[in-house]
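User: Hi! I'd like to go through this model with you and hear the reasoning behind each label.

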Amino acid sequence: MAPVLDTEKMLHELFAKQQIYEVLVRYCRGVDRLDKDIILSVYHPGANDDHGGFNGPVEQFVDWVFGNHKGKIEACTHFLGNVLIEVDGDTAYSESYIIAYHRKTADRITNDLAGWGRCLDRFEKRDGEWRIADRVVVYDKGRTDRMEADWGGAMTQDLVRGTRNRADPSYKFVSRDLPVGDS
């Protein structure tokens with residue numbers, strides 16, 4: 001006999017995943033367009049964002065983004081890749097692969113920076129709306145158009161870095177039932 005499917009539960013989860021995916025896309029648009037209102041709309045008030053160079057409340061994170069981008073970054077483009085979302089009631093966890101390109105122009109010298117990594121997010125549904133409650137950005141690789149990015153320098157010493165085993169930070173956010181270890 002075939003297993004009984006709970007289609008209502010499946011549709012609820014599918015709808016939640018779509019809403020969460022749209023929040024992730026909206027974040028990319030907000031940063032790329034340098035739009036404070038859009039960026040703030042993806043986080044719950046007081047949410048935490050750990051971007052390596054910044055770790056704190058989203059309201060301060062937005063100021064940090066503007067301080068690092070406005071007048072310094074000519075163009076910015078974020079691309080989402082694989083997105084894994086696990087829904088658990090009114091809480092969800094996601095791992096989103098991301099590539100970000102930044103075109104920096106200073107003193108008429110252009111320098112492009114590309115970064116590859118992942119956003120690890122804990123979402124909460126409050127008042128019927130999914131938003132980020134906690135974010136950790138994991139940096140896997142960076143490159144400028146002139147050389148490999150210096151992930152070990154003073155500016156990047158606080159970056160969360162990825163690993164190719166179960167010690168990777170994603171195991172704390174996604175697939176929580178898997179043990180963390182060196183396998």
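Analyst: Happy to! The protein chain exposes about 11,000 Å², and carbon and sulfur atoms supply 52% of that area. Please keep in mind that this is a predicted model. Its secondary structure comes to 3 helices and 7 strands, running α-α-β-β-α-β-β-β-β-β from the N terminus. Of the 183 residues, 39% count as buried.

User: Why is histidine 51 called buried or exposed?

Analyst: Histidine 51 has a relative accessibility of 12%. Buried means under 20%, so histidine 51 counts as buried. Histidine 51 sits in the loop between strand S1 (43–50) and strand S2 (55–57). Residues touching histidine 51 include Tyr27, Phe61 and Trp64.

User: And what makes the pairing of histidine 51 with aspartate 49 a polar contact?

Analyst: The two side chains make a polar contact at 2.5 Å. The cut-off for a pair of N or O atoms is within 3.5 Å, so the value of 2.5 Å meets that distance limit.

User: How do you know whether aspartate 50 is buried or exposed?

Analyst: The same cut-off helps here: buried means under 20% relative accessible area. Aspartate 50 has 12%, so aspartate 50 is buried. This residue is found in strand S1.

User: Which residue shares a side-chain polar contact with aspartate 50?

Analyst: That is asparagine 55, with a polar contact of 3.5 Å between the two side chains. Apart from residues up to four places away in sequence, aspartate 50 touches Asn55, Arg135, Val136, Val137 and Val160.

Key
Residues are numbered from 1 along each chain as its sequence is written. This is a predicted model: local features need pLDDT of at least 70, side-chain atom pairs count only at pLDDT 80 or more; totals for chains, interfaces and linings use all residues. Side-chain values use heavy atoms; hydrogens and water are left out. Helices (H or I, at least four residues) and strands (E, at least two) are DSSP runs, numbered from the N terminus. Buried means under 20% relative accessible area, exposed over 50%, partly exposed in between (1.4 Å probe, protein chains only). A polar contact is a pair of N or O atoms within 3.5 Å; within protein, one must be able to donate a hydrogen and the other to accept it, and residues adjacent in sequence count only if both atoms are side-chain atoms. Contact means heavy atoms within 4.5 Å. Accessible areas come from the Shrake-Rupley method with a 1.4 Å probe; for residues, only the protein chains shown count as cover.
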